[in-house]
Amino acid sequence: MQLTLFWLFSLLTIAFGAAVIVLRNPVACALSLVASFLALAALFVTLDAYFIAIIQVLVTAGAVMVLFLFIIMLLNLKAEERRRVKLGAMLGGGLIIACFIELLSN
């Protein structure tokens, strides 16, 4: 059961972390980051690191993210508009990812 919860919370942490990058709305990104921090705290609980989990929730998800959300709402940021995809940037990024995968496979 504990191994299942570990994998569930680690997949949730990765999914919410990817949502922080993919989403265009700054408030949605900040809330996804909060959810990622909470899933990370639950991951610490499955590893029997209760103190680190409580500190994670209180400091990072509580204080820091409330400050981020306050600043985002104070600045009244809008959703980012879509940009054109540049072929050179995509090829460069693909090359870097391919090199990284090659390094990991060795």
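## Helix 3: bend and span

The bend at a residue is the angle between axes fitted to the seven residues ending there and the seven starting there. By that definition, helix 3 bends by about 30° at Met65. Helices (H or I, at least four residues) and strands (E, at least two) are DSSP runs, numbered from the N terminus.

Helix 3 covers residues 50–75, 26 residues in total. The expected span of a helix is 1.5 Å times one less than its number of residues. For helix 3 that gives 38 Å, and its end C-alpha atoms lie 36 Å apart, which agrees. Just after helix 3, Asn76 takes a positive phi of about 55°.

## Model and confidence

This is a predicted model: local features need pLDDT of at least 70, side-chain atom pairs count only at pLDDT 80 or more, and totals for chains, interfaces and linings use all residues. Residues are numbered from 1 along each chain as its sequence is written, and side-chain values use heavy atoms, with hydrogens and water left out.

pLDDT is the predictor's confidence in each residue, from 0 to 100. The protein chain averages 87, and 98% of the residues score at least 70. Confidence is highest in helix 1 (residues 2–22), at a mean of 93. It is lowest in helix 3, at 85.

## Packing of helices 2 and 3

Buried means under 20% relative accessible area, exposed over 50%, and partly exposed in between (1.4 Å probe, protein chains only). In helix 3, the residues Ala53, Gln56, Ala61, Met65, Leu69 and Ile72 are buried. They pack against helix 2 (26–46). An α-helix has 3.6 residues a turn, so residues three or four places apart point the same way.

A nonpolar core is a set of buried Ala, Val, Leu, Ile, Met, Phe, Trp, Tyr and Cys residues joined through side-chain atoms within 4.5 Å. The largest one has seven residues: Ala30, Val34, Phe37, Ala61, Met65, Leu69 and Ile72. Helix 2 and helix 3 are the elements that give two or more residues to this core. Helix 3 supplies the largest share, four residues. Met65, where helix 3 bends, is a core member.

## Contacts of Ala61, Leu38 and Ser32

Contact means heavy atoms within 4.5 Å. Residues up to four places away in sequence are not counted for Ala61, which touches Val34, Phe37, Leu38, Gln56 and Val66. Among these, Val34 and Phe37 also belong to the core. Leu38 sits in helix 2 and is partly exposed, at 41% relative accessible area. Leaving out residues up to four places away in sequence, Leu38 touches Val57 and Ala61. Leu38 and Glu102 are 64 residues apart in sequence and 33 Å apart in space, C-alpha to C-alpha.

Ser32 is also found in helix 2. At 8% relative accessibility, Ser32 counts as buried. Its contacts are Phe16, Ala19, Val20 and Leu23, again not counting residues up to four places away in sequence.

## Two residues of helix 1

Leu5 is placed in helix 1. Leu5 is partly exposed, at 29% relative accessibility. The C-alpha atoms of Leu5 and Leu43 are separated by 8.0 Å, with their positions 38 residues apart along the chain.

Ile14 is found in helix 1 as well. Ile14 counts as exposed, at 59% relative accessibility. Ile14 and Met73 are 59 residues apart in sequence and 26 Å apart in space, C-alpha to C-alpha.

## The loop before helix 3

Asp48 lies in the loop between helix 2 and helix 3. Its phi is near 60°, a positive value in a residue other than glycine. Most residues other than glycine have a negative phi, and most peptide bonds are trans. Asp48 is exposed, with a relative accessible area of 51%.

## Helix 4 and the cysteines

Helix 4 runs over residues 87–105. Its 19 residues should span 27 Å, and its end C-alpha atoms are 27 Å apart, which agrees. Helix 4 is hardly covered: zero of its 19 residues are buried.

A disulfide is taken here as a pair of cysteine sulfur atoms within 2.5 Å. The structure holds zero disulfides. Cys29 is buried, at 14% relative accessible area. Cys99 is partly exposed, at 42% relative accessibility.
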